[in-house]
Every structure is written in C-alpha cells, then in structure tokens.
Amino acid sequence: APLPHSVDLSWSASSGSGVVGYNIYRGTKTGGPYNKVNSSLNTDTTFTDSSVTAGATYFYVVTAVDGAGTESPFSNEAKAVIPTP
C-alpha cells in the first residue's frame, strides 16, 4: 500500500502581544472557504496535517489567538499539492 501523505507547515511567530497559540485552516480553493484542522490551540509555530488526500491541492492559512480567544486576520495563504501515488 502507498504511504500516506502529510503536509508540514511552519510560520513565523506573531509579533502581537498576548498571543497564546495559533489556529490552522485549510481549504480546497484559493481564497477559501477554510475549515480549521487543529483540534486544540496550536502553541508551536509548526503543524503537520496528516489528513490529506493524494492528488488534491490544499490552501492553508493561520491565525494567531490571544489569551481572550480573539483571532487575528488570516495569514498569507500557502499552497500544497499532494502527489498521486
């Protein structure tokens, strides 16, 4: 059986004050809509998405979240093309 694919994401830490973590969103069209892929707040500046499908193209954005739960606007979009096995 072919090995499953994954997407490794990394980004620069937010310069905003009070940031406690990040949410990662994924869409299948540039510009969205996006769905959140992390189940709990991501406290690191890296994330591995292992729920991708071979042959698909995904678009990712990240938001920074402060201690009050307020999210920043979406980051710039990153594109990932998953190979077909």
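# A tour from Tyr-58 outwards

Select Tyr-58: this residue is buried, with a relative accessible area of 6%, below the 20% cut-off. The model on screen is predicted. Tyr-58 lies in strand S5.

**Stop 1: around Tyr-58**

Show the contacts of Tyr-58, leaving aside neighbours within four places in sequence. One group is Arg-26, Gly-27 and Thr-28. Val-52 and Thr-53 are also in contact with Tyr-58. So are Ala-78, Lys-79, Ala-80 and Ile-82. Now add Thr-30. Its C-alpha atom is separated from that of Tyr-58 by 8.2 Å, although the two residues are 28 apart along the chain.

**Stop 2: the whole chain**

Zoom out and colour by secondary structure. The protein chain has six strands and zero helices. From the N terminus on, the elements read β-β-β-β-β-β. Draw a box along the principal axes: the C-alpha atoms fill roughly 45 × 25 × 20 Å.

How much of the chain is buried? Buried residues make up 33% of the 85 residues. Switch on the surface. The accessible area comes to about 5,300 Å², and 50% of that belongs to carbon and sulfur atoms. A contact map is useful here too. Take the contacts between residues at least 6 apart in sequence: 60% of them join residues at least 24 apart.

**Stop 3: the four-stranded sheet**

Select S3, S2, S5 and S6. These strands form an open sheet in the order S3-S2-S5-S6, with antiparallel pairing. Which strands stand at the edges? S3 and S6 (78-81) do, each with a single partner strand, so one side of each has no neighbour in the sheet.

Walk across the sheet from S3.

- S3 (residues 35-36) is joined to S2 by two bridges, and the two strands run antiparallel. Pick Tyr-25: its bridge partner in S3 is Lys-36.
- S2 and S5 (residues 57-66) pair in the antiparallel sense over eight bridges. Pick Gly-21: its bridge partner in S5 is Val-65.
- S5 and S6 are joined by four bridges and run antiparallel. Pick Phe-59: this residue stands opposite Lys-79 in S6.

Stay on S2, residues 19-27. Why is this strand largely enclosed by the rest of the structure? Seven of its nine residues are buried, so the rest of the structure largely encloses it.

**Stop 4: a cis peptide bond**

Follow the chain out of S2 and select Pro-33. Pro-33 sits in the loop between S2 and S3. Check the peptide bond from Gly-32 to Pro-33: it is cis, with omega near 5°.

**Stop 5: Asp-44**

Move on to the loop between S3 and S4, where Asp-44 is found. Buried, exposed or partly exposed? Asp-44 is partly exposed, with a relative accessible area of 43%, which falls between the 20% and 50% limits. Leaving aside neighbours within four places in sequence, Asp-44 is in contact with Trp-11 and Tyr-22. Measure to Tyr-22 in the viewer. The C-alpha atoms of Asp-44 and Tyr-22 are separated by 7.6 Å, with their positions 22 residues apart along the chain.

**Stop 6: S1 and S4**

Select S4, residues 46-49, and show side chains. They alternate along the strand. Phe-47 and Asp-49 point to one face and are buried. Thr-46 and Thr-48 point to the other face and are not buried. Now add S1. Four bridges join S1 to S4, and the two strands run antiparallel. Val-7 is the residue to click: it stands opposite Asp-49 in S4.

**Stop 7: the largest pocket**

Rolling a probe the size of a water molecule over the atoms shows where empty space is left. Switch on the pocket display. The largest pocket has a volume of about 240 Å³. Its lining holds 19 residues. Select Trp-11, Val-61, Val-62, Ser-75 and Asn-76, which lie nearest the centre of the largest pocket.

Which strand gives the largest share of the lining? S5 does, with five residues. S1 (7-10) and S5 each supply at least two residues of the lining. Colour the lining by class to finish: 11 residues are nonpolar, seven are polar and one is charged.

**Last view**

Keep S5 selected. This strand holds Tyr-58, pairs with S2 over eight bridges, and is joined to S6 by four. S5 also gives five residues to the lining of the largest pocket.

Definitions and conventions: Residues numbered from 1 in each chain as written. Predicted model: local features only at pLDDT ≥ 70, side-chain atom pairs only at ≥ 80, totals over all residues. Heavy atoms only, no water. Buried < 20%, exposed > 50% of the residue type's maximum accessible area, 1.4 Å probe, protein only. Pairing = 2+ DSSP bridges. 1 Å grid on protein atoms, 1.4 Å probe; cavity = no way out; pocket = protein on both sides within 12 Å on 5 of 7 lines; lining within 4 Å. Points joined across faces, edges and corners; volume = space filled by probe spheres on them. Nonpolar A, V, L, I, M, F, W, Y, C, P; charged D, E, K, R; others polar. Contact = heavy atoms within 4.5 Å. Areas by Shrake-Rupley, 256 points an atom, 1.4 Å probe, with all protein chains shown as cover.
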